[in-house]
Amino acid sequence: MASTSVACCYGCGAPLQTVELDAPGYVDLETYELKKRHHQLKTVLCRRCKLLSHGRMITAVGGHGGYSGGMQFISAEELREKLSHLRHEKVLIVKLVDIVDFNGSFLARVRDLAGSNPIILVVTKVDLLPKSTDLNCVGDWVVEATMKKKLNVISVHLTSSKSLVGIVGVISEIQKEKKGRDVYILGAANVGKSAFINALLKMMASKDPVAAAAQKYKPIQSAVPGTTLGPIQIEAFQGGGKLFDTPGVHLHHRQAAVVHSEDLPILAPQSRLRGQSFPAVSAKNTVDSPHAIGLNGFSIFWGGLVRIDLLQVPPRTRLTFYGPRKLKISTVQTVEADKFYQKEVGATLTPPTSRQRESWLGLLAVRKLQINYEYEKRPACDIAISGLGWIAIEPFGLETLDGSNPECIGELQLAVHVPKPVEIFVRPPLPVGKAGLEWYQYQELTEEEEELRPKWYH
Ligand SMILES: Nc1nc2c(ncn2[C@@H]2O[C@H](COP(=O)(O)OP(=O)(O)OP(=O)(O)O)[C@@H](O)[C@H]2O)c(=O)[nH]1
Ligand SMILES: [Mg+2]
């Protein structure tokens, strides 16, 4: 299929080819010959990139980590293989993690890729966090979570390639730490690597003519995980050392891996997340409990992708869902839940959409959770669903109606159902919104611990 040329599409890094129209890297023979004659192959954008940039969803990663639909050409293993040389070289790694899918996109295996090279951790898409979120609390939470992963992280940056928050800070950190080395942008598929590079070039362009020139042929970004297919070299720095965009690795355990490619845009949050609470909070700030026994014995569906059975929870438990707005929340008694799902999946419980119903395997992975809580006016935990978002679990959430003291300590029992490959994580609650600022507790640290901890910036 591939042509003999090693020239690659500047949008996705796939080798240019003139044979297979639907495959990445395709360019018609006439254009190819013309550009080649003028030594301009570096300026060629392939057909798939053109379609992606017009909003078409075309997947190209298959095999382990692939998803149904779309042409499949490259496996996640092959993508990883292309980067395996890094651990033996002296490079600067910029590792990107999506704040909406912090655990699912963290990619602890980056250690295998990075070797002993220093890592700048960039948290992307902070513009999507709920209104009034305090980035200081989020920064501390991220550092705390990162400390557990034992990576050589030198600093943490909260950024948005949309609002450009934090981008200038990363640029100065890169310039300080680069020391003539090449800089590699690494991260799971769809975390925003290409968008981040676009933002970097945009901010650097005003001062650096080399970055300004690089802006003309920059990597394509799109909602399809698997947009970038090969390392893309970018001449971005005046002082030497190159910038590399890379294909996202590690896809199989995220919701995007099981959803039809045409439904992927539904999973990508377009605007600021707004927690959707269940039961809903009324104007009086009391819970409209569906039942005197609260939610015990009920199951809650999040679209057709997640089901949570509330096996044993205090009557005033509240769940707040943070994720794509198009996913509806439905509830039904647990004894009815299997039947309800079979009937409604693809109809009122979407995604999957009706198109995918035939091939949909259902929510085959079930995890039982026992969560200890101590009531301190903060969520007991988040349940993070890889590639989708998270659910904050608040055992009380609100004062009791008669003002009496609720019991302070207890155990919650839940069962979470998701499609087979999708991972879930129980984690300390992410401090979002105004309430997050109120209940978040910073870690008490000794001077020595403070010294060892990476600093965060936004
Ligand atoms: N709201 C918001 N969306 C973002 C941000 N950065 C990226 N996105 C969106 O996230 C999606 C993925 O972005 P890309 O830059 O293509 O991600 P990538 O990591 O290069 O993905 P692959 O090449 O597939 O590995 C696109 O729809 C972007 O518009 C951000 O800071 N804020
Ligand atoms: Mg990309």
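This note sets out, point by point, the main features of a predicted model of a protein chain with a ligand.

1. Overall composition. The protein chain contains 12 helices and 19 strands. Of its 458 residues, 44% are buried. Among contacts with a separation of 6 or more, 70% join residues that lie 24 or more positions apart.

2. Confidence. The mean pLDDT of the protein chain is 86, and 88% of the residues reach 70 or more. Over residues 1-5, however, the pLDDT is below 50, and this stretch has 12 contacts in the model beyond near neighbours in sequence. A further stretch, residues 63-72, also has pLDDT under 50, and the model gives it 36 contacts beyond four places in sequence. Where pLDDT is low, the predicted coordinates should not be read in detail.

3. Surroundings of the ligand. Ligand 1 is surrounded by 25 residues, of which the closest are Gly192, Ala195, Gln221, Thr228 and Gly248. Helix α7, covering residues 193-205, supplies the largest share of this shell, with 3 residues. By residue class, the shell around ligand 1 holds 8 nonpolar, 13 polar and 4 charged residues.

4. The sheet that contains β15. Five strands form an open sheet with antiparallel pairing, in the order β9-β12-β16-β15-β18. Its edge strands are β9 (276-278) and β18 (424-427), each of which pairs on one side only. From one strand to the next, the twist averages 20°.

5. Burial of β15. Strand β15 comprises residues 381-385, and 5 of its 5 residues are buried. In a regular strand the side chains alternate between the two faces of the sheet. For β15, Cys381, Ile383 and Ile385 are on one side, Asp382 and Ala384 are on the other, and all are buried, so that both faces are covered.

6. Partners of β15. Towards β18, strand β15 pairs in the antiparallel sense over 4 bridges. Within β18, Arg427 stands opposite Asp382, and Ile424 is the bridge partner of Ile385. Towards strand β16 (residues 389-394), β15 runs antiparallel and is joined by 5 bridges. Here Ile385 stands opposite Gly389. The connection between β15 and β16 is a hairpin with 3 residues between the strands, and Gly387 in the turn has a positive phi of about 80°.

7. A loop residue beside this region. Asn103 lies in the loop between β3 (91-98) and α4 (110-114). Beyond its neighbours within four places in sequence, Asn103 is in contact with Ala384, Ser386, Phe425 and Arg427. Asn103 and Trp390 are 287 residues apart along the chain, while their C-alpha atoms are separated by 9.9 Å. Is Asn103 buried, exposed or partly exposed? Asn103 has 18 other C-beta atoms within 10 Å and is therefore partly exposed, since a buried residue has 20 or more and an exposed one 12 or fewer.

8. A second sheet. Another open sheet of 5 strands has the order β13-β10-β11-β17-β14, with antiparallel pairing. At its edges stand β13 (329-333) and β14 (365-374); each has a single partner strand, so one side of each is left without a neighbour in the sheet. Neighbouring strands of this sheet are turned by 25° against each other on average, direction ignored.

9. Details of the second sheet. The edge strand β14 pairs with strand β17 (residues 409-418) in the antiparallel sense over 10 bridges. In this pairing, Ala365 stands opposite Val418 in β17. Helix α10 (residues 334-344) lies across β10 (298-302), β11 (306-312) and β13, and runs at about 125° to β13.

10. A link to residue His458. Asn136 lies in helix α5, which spans residues 135-147. Which residue, 322 residues apart from Asn136 in sequence, lies 8.3 Å from Asn136 in space? It is His458, with the distance taken C-alpha to C-alpha. Asn136 is partly exposed because 15 other C-beta atoms lie within 10 Å.

Technical notes: Residues are numbered from 1 along each chain as its sequence is written. Chains are lettered from A and ligands numbered from 1 in the order in which they are written. A residue is near a molecule or strand if its C-beta atom, placed from the backbone, lies within 6 Å of it. Helices (H or I, at least four residues) and strands (E, at least two) are DSSP runs, numbered from the N terminus. Ala, Val, Leu, Ile, Met, Phe, Trp, Tyr, Cys and Pro count as nonpolar, Asp, Glu, Lys and Arg as charged, and the others, Gly among them, as polar. pLDDT is the predictor's confidence in each residue, from 0 to 100. Two residues are in contact if their C-beta atoms, placed from the backbone, lie within 7 Å. Two strands pair if DSSP finds at least two bridges between them. Axes are lines fitted to C-alpha atoms, for helices over the stretch in contact, and angles run from 0 to 180 degrees between N-to-C directions.
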